[in-house]
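Reader: I would like to learn how to read a few features of a structure, beginning with a helix and ending with a ligand site. Could you take me through them one at a time?

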Amino acid sequence: MSNDKKRVLVIGGGPGGYPAAFLAADLGCEVTLVDQKVNPGGVCLFQGCIPSKALLHVARLLHETREAGALGLGFAPPTIDLDKLRAWKDGVVGKLTGGLGLVGKQRKVRFVEGRARLLDAHSAMVAKAGDGAGEERIEFDDAILATGSMPVTLPFLPPSPRIWDSTKALELAEVPGSLLVVGGGYIGLELGTVYAALGSKVTVVEATPYLLPGADRDLVTHLQKRLAKQLAAIHVSTKIVEAREDGDGVRVKLVGIDLPELEPRFDRVLVAVGRRPLSKDLGLENTKVKLDARGFVDVDAQRRTAEPSIYAIGDMAGEPMLAHKATYEGRIAAQAIAGHPAAYEPRAIPAVVFTDPEIAWAGLTESQAKTEGRDVRIARFPWSASGRATTMGRNDGLTKLVIDPQDERLLGVGIVGVGAGEMIAEGVLALEMGARATDMMLTIHAHPTLSETMMEAAEVYFGHSPHLGQKPAR
Ligand code: FAD
Ligand code: NAD
């Protein structure tokens, strides 16, 4: 070490890298954070979580005004000023990423705009961008890799400005008349919802028999019902196998069941078929860092790689590829480097799909339990019986608990409904604290709230829900 402070290099300033850099600085390390963007934020803030949620907020507003007629409220059809909307969305991103730049400075984290490549286990070369362009060699005691992921591409699709990935779709350059979304996962459904609200005729094709294959079917059903009204079509068990430009659009060949047309034409195509770790061209071959078969970096409980001075976190270090998992790992790696005891051992990582209704789950899902042959009990509280959901005109929801019948511990929580993404936090805390169904039932929840449905689902387990005529799930 050059002085008594550990020199830490963090490569990648996303929700894994920037919290890791800031915490390492708080813990007394001398930290350099390198990212290709002008400020920290990564994919999540610049091209992912934040711009997509800003636009989903707009989509929800649009749908709510359209549906307000049922409540006796009339609004004129909305006008959409796309330039203003785009500027607002970019402003949200700029505010948050600019804020992170300032916070980094306050923490005395040195931010370098550029692209880093490892030279060996203790040094990297940065090709700097921006004002101080040129090369800089950076020596470190420990490094944290947090370079994230990139979209999976379908090799048979031609390069075309009419075929988008999520980054292109989030630019909001235009609202196409028709949009084909390839992939009925997180991105396909979130961005499909946005463009449908803005006025595109959206068709979703999903290769597997189900939308959101990782989520429980009874949760997805509620979303699918609503999507069926908002989207032009949803085709499951369907794949795109060919595409070619056709005027200012794209003609595609689809293979599936019950397709009205095998070679339909769309103005634009959004491909959202998953993401893969960004672990190439990082100079890993100059170190002992190992990758698994899918390109994820192998790490231990401290997120240390096979090269003891190098750690890896976030999307590049394994599933789930979610921002909050990256942030959690960043904390572990920074603590480990600073010599504090830390291990990555979460009991539950929440997953939230920010559609309308939202779907959220944590811990064991019902379908996982089935696949693993585990004996579990499921307690469901339908939102048709929720007072709060009824006051909002949004009974399309369900809260379910996956319970171990041996000791009545909660093993998993699943929610579909408005605000499910906020509600899941209670479930995650319950799972982390090893709560039992009784704990959930005996915790007083405010009335009338959607969160009461968590308590009521526990009451369903014991057969005591005051709002349902039902038998115990035990
Ligand atoms: P990233 O956020 O990918 O950041 C990596 C950074 O490293 C980038 O800035 C990149 O430029 C930089 N970098 C790469 N290579 C180098 C190099 N050699 N030198 C210097 N810098 C480099 N997750 C959620 O939890 N909630 C959501 O709502 C959500 N919505 C999403 C919506 C979309 C459209 C997308 C695409 C993703 C979404 N995600 C969401 C996933 C989330 O964005 C990722 O899980 C998260 O960003 C991963 O964080 P990370 O720190 O691993 O990497
Ligand atoms: P995804 O894995 O969520 O969904 C991809 C879908 O595409 C799957 O359902 C898959 O079966 C389908 N598919 C694959 N190949 C296909 C093909 N040839 N034709 C038709 N369908 C095909 O991936 P994504 O939507 O691209 O998102 C990538 C990742 O980003 C997510 O897995 C998630 O980790 C993260 N993300 C999270 C959020 C959030 O937390 N709200 C939002 C967006 C993205």
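Author: Let us begin with a helix, bearing in mind that this is a predicted model. One can set the reach of a helix against the span expected at 1.5 Å a residue, and helix H8, which runs over residues 323-337 and has 15 residues, reaches 21 Å from its first C-alpha to its last, close to the 21 Å expected.

Reader: Which residues of H8 are buried, and what covers them?

Author: Here a residue counts as buried when its relative accessible area is under 20%. In H8 the buried residues are Lys325, Ala326, Glu329, Gly330, Ile332, Ala333, Ala334, Ala336 and Ile337, and their cover includes strand S1 (7-11), helix H1 (17-26), strand S6 (142-145) and strand S17 (310-312). Just after H8 comes glycine 339, with a positive phi of about 85°.

Reader: Where are the cis peptide bonds that join a residue to proline 320 and to proline 357?

Author: For each bond one reads omega and then the place in the chain. Glutamate 319 and proline 320 are joined by a cis peptide bond with omega about -10°, and proline 320 belongs to the loop between S17 and H8. Aspartate 356 and proline 357 are likewise joined by a cis peptide bond, with omega about 5°, and proline 357 sits in the loop between strand S18 (351-353) and strand S19 (358-363).

Reader: Are aspartate 281 and arginine 303 buried or exposed?

Author: Phi and exposure are best read together for these two. Aspartate 281, although not a glycine, has a positive phi of about 55°; this residue lies in the loop between strand S16 (275-277) and S17 and is exposed, with a relative accessible area of 56%. Arginine 303 also has a positive phi, near 70°, and lies in the loop between S16 and S17, but arginine 303 is buried, at a relative accessible area of 9%.

Reader: Which residues come nearest to ligand 2, and which polar contacts does the ligand have?

Author: One looks at the surrounding shell, then at the pairs of polar atoms. Of the 23 residues around ligand 2, Glu190, Glu206, Gly274, Met321 and Val352 come nearest, and the shell divides into 13 nonpolar, 5 polar and 5 charged residues. The largest share of that shell, 3 residues, is supplied by helix H6 (residues 186-198). Among the polar contacts, a polar side-chain atom of glutamate 190 lies 2.8 Å from a nitrogen atom of ligand 2, while a polar backbone atom of glycine 274 is 2.8 Å from an oxygen atom of ligand 2. Of the 830 Å² of accessible area that ligand 2 has on its own, the protein covers 80%.

Note on methods. Residues numbered from 1 in each chain as written. Chains lettered and ligands numbered in written order. Heavy atoms only, no water. Helix = DSSP H or I, 4+ residues; strand = E, 2+ residues; numbered from the N terminus. Expected span 1.5 Å × (residues − 1). Buried < 20%, exposed > 50% of the residue type's maximum accessible area, 1.4 Å probe, protein only. Contact = heavy atoms within 4.5 Å. Near = heavy atom within 4 Å. Polar contact = N/O pair within 3.5 Å; in protein donor to acceptor, adjacent residues only side chain to side chain. Areas by Shrake-Rupley, 256 points an atom, 1.4 Å probe, with all protein chains shown as cover. Nonpolar A, V, L, I, M, F, W, Y, C, P; charged D, E, K, R; others polar.
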